[in-house]
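Biologist: Could you take me through this structure slowly, giving the rule behind each word that you use?

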Amino acid sequence: MAAHRKPRQRSLGGTTVRTAVTIALAGAATATGFDGTGYAEPPLSPAQAKAEVDRLYREAEVATEKYDGAKEQAAGAQRRLSALRDEAARRMDRLNSAREALGFAAAAQYRGGGVDPTVRLLLSSDPGQYLDDAAFAERVDGRQAAAVARVRAQLREIERLRGAERVELASLTSRQAELQRQKRTVTEKLGEARLLLSRLTESQRAQVAEPASRSAGRGLLGAVPASQAAAEAPDARAAAALSYAYGKLGSPYVWGATGPNAFDCSGLVQAAYQSAGVSLPRTTYAQIDAGRRIPRSALLPGDLVFFYSGVSHVGIYVGHGQMIHAPNPSAPVRLAPIDEMPFAGATRVV
């Protein structure tokens, strides 16, 4: 008789969950020593809570960029797969027409008393193999040989297309799986941040959250106006992208969004330059290589500025040490100093 085992308790390990629980219990959480005495674990200060929330948002943004990349690649695989299937269907139509023509010729010869090998082609369960039979090619006249050669070539091309379809289908399946993995990661990180914030008091949340006026850049000391940024831009396309970005101040951050009413960081950059007639890749990892790298000292309005060692965040430089960017779910599109995050590089795309 099998022994009954006590169900194993699932661990909630990890700094994030431990932190959330600490704040959830805020002063009531205890750590018990070996002597049975309980000691209250001190809750995080608003500054510590903000640092933890910011860390979760950064991790979610890294996953968001990977999600955006997987989504773009999956869409590309889907387009290629559809194109291959369409081409295979067209080739099959041409093959059927060619086989029908061979059938008419064979039927005519049969009525005339001759038995042509093309009859067997129509009856064969594997016409490809039959057409490759050397004996068949030796028994047809010149005109039919050319027709059979065309059919044989069409069969081979269809098989090649079907092989390419299988490769693209496997690629699409893999990309879709990656898409779901990154979506789960983003959802989990954002959920943990929301849980942590929900456990704070109203006054603590006020200290953690960005002031509403700052969120859209209105409270930023010496904020660069749109007219000044456009005037200092290197060309008309950069000025148009800046105009678009200024027009989106206050729009909400939504992971994976590219507008027109919500954005993630790279989605805002892509949409701004698309409005100016410039096509940019979807992710920060690709956008940093989409133009000419420039040093921080050479920045001009319209340049793309990137942050963190993993190049997981991007904004549009507007001049005088400021940028427009979509920060995270806690704040909408806003003006902000480029010094508020670790600078990783810059690119000029026009």
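**Pairs, burial and cores**

Modeller: Let us begin with one pair: Arg-85 forms a salt bridge with Glu-165, and their closest N and O atoms are 3.7 Å apart. Before going further, please note that this is a predicted model, in which local features need pLDDT of at least 70 and side-chain atom pairs count only at pLDDT 80 or more, while totals for chains, interfaces and linings use all residues. Residues are numbered from 1 along each chain as its sequence is written, and side-chain values use heavy atoms, with hydrogens and water left out.

Biologist: Why is the pair of Arg-85 and Glu-165 called a salt bridge?

Modeller: A salt bridge is a side-chain nitrogen of Lys or Arg within 4 Å of a carboxyl oxygen of Asp or Glu, and the 3.7 Å between Arg-85 and Glu-165 meets that limit, so the name applies. A search of the whole structure finds 18 salt bridges.

Biologist: What makes the pair of Arg-85 and Glu-165 a tie between parts that are 80 residues apart in sequence?

Modeller: Arg-85 lies in helix α2 (residues 46-111) whereas Glu-165 lies in helix α6 (residues 142-198), so the pair ties those parts together. Helices (H or I, at least four residues) and strands (E, at least two) are DSSP runs, numbered from the N terminus.

Biologist: How do you know whether Arg-85 counts as buried, exposed or partly exposed?

Modeller: Buried means under 20% relative accessible area, exposed means over 50%, and partly exposed is in between (1.4 Å probe, protein chains only). Arg-85 has 41% relative accessibility and therefore counts as partly exposed, whereas Glu-165, with 16%, is buried.

Biologist: What makes Arg-160 and Glu-157 a salt bridge?

Modeller: Their side chains meet at 2.6 Å, N to O, which satisfies the limit of 4 Å. Arg-160 and Glu-157 both lie in helix α6, three residues apart, about one turn of the helix. An α-helix has 3.6 residues a turn, so residues three or four places apart point the same way. Arg-160 is partly exposed at 48%, while Glu-157 counts as buried at 18%.

Biologist: Why does the pair of Asp-303 and Arg-348 tie together parts that are 45 residues apart in sequence?

Modeller: Asp-303 forms a salt bridge with Arg-348, the closest N and O atoms being 2.8 Å apart. Asp-303 lies in the loop between β3 (292-293) and β4 (304-307), and Arg-348 in strand β8 (residues 343-348), so the pair joins those parts. Asp-303 is buried, and so is Arg-348.

Biologist: Why is Asp-68 called buried?

Modeller: Asp-68, which is found in helix α2, has a relative accessible area of 2% and is therefore buried. Not counting residues up to four places away in sequence, Asp-68 touches Gly-256, Asp-264, Ser-266, Arg-282 and Thr-283, where contact means heavy atoms within 4.5 Å.

Biologist: What makes a set of residues a nonpolar core?

Modeller: A nonpolar core is a set of buried Ala, Val, Leu, Ile, Met, Phe, Trp, Tyr and Cys residues joined through side-chain atoms within 4.5 Å. The largest has 33 residues, and Tyr-246 and Tyr-273 are among those with the most contacts inside it. α10 (236-247) is one of the elements that each supply at least two residues of this core, and α10 gives the most, with seven residues.

Biologist: How do you know that α11 is largely enclosed by the rest of the structure?

Modeller: Nine of the 11 residues of α11 are buried, so that conclusion follows; the buried residues include Cys-265, Leu-268 and Tyr-273.
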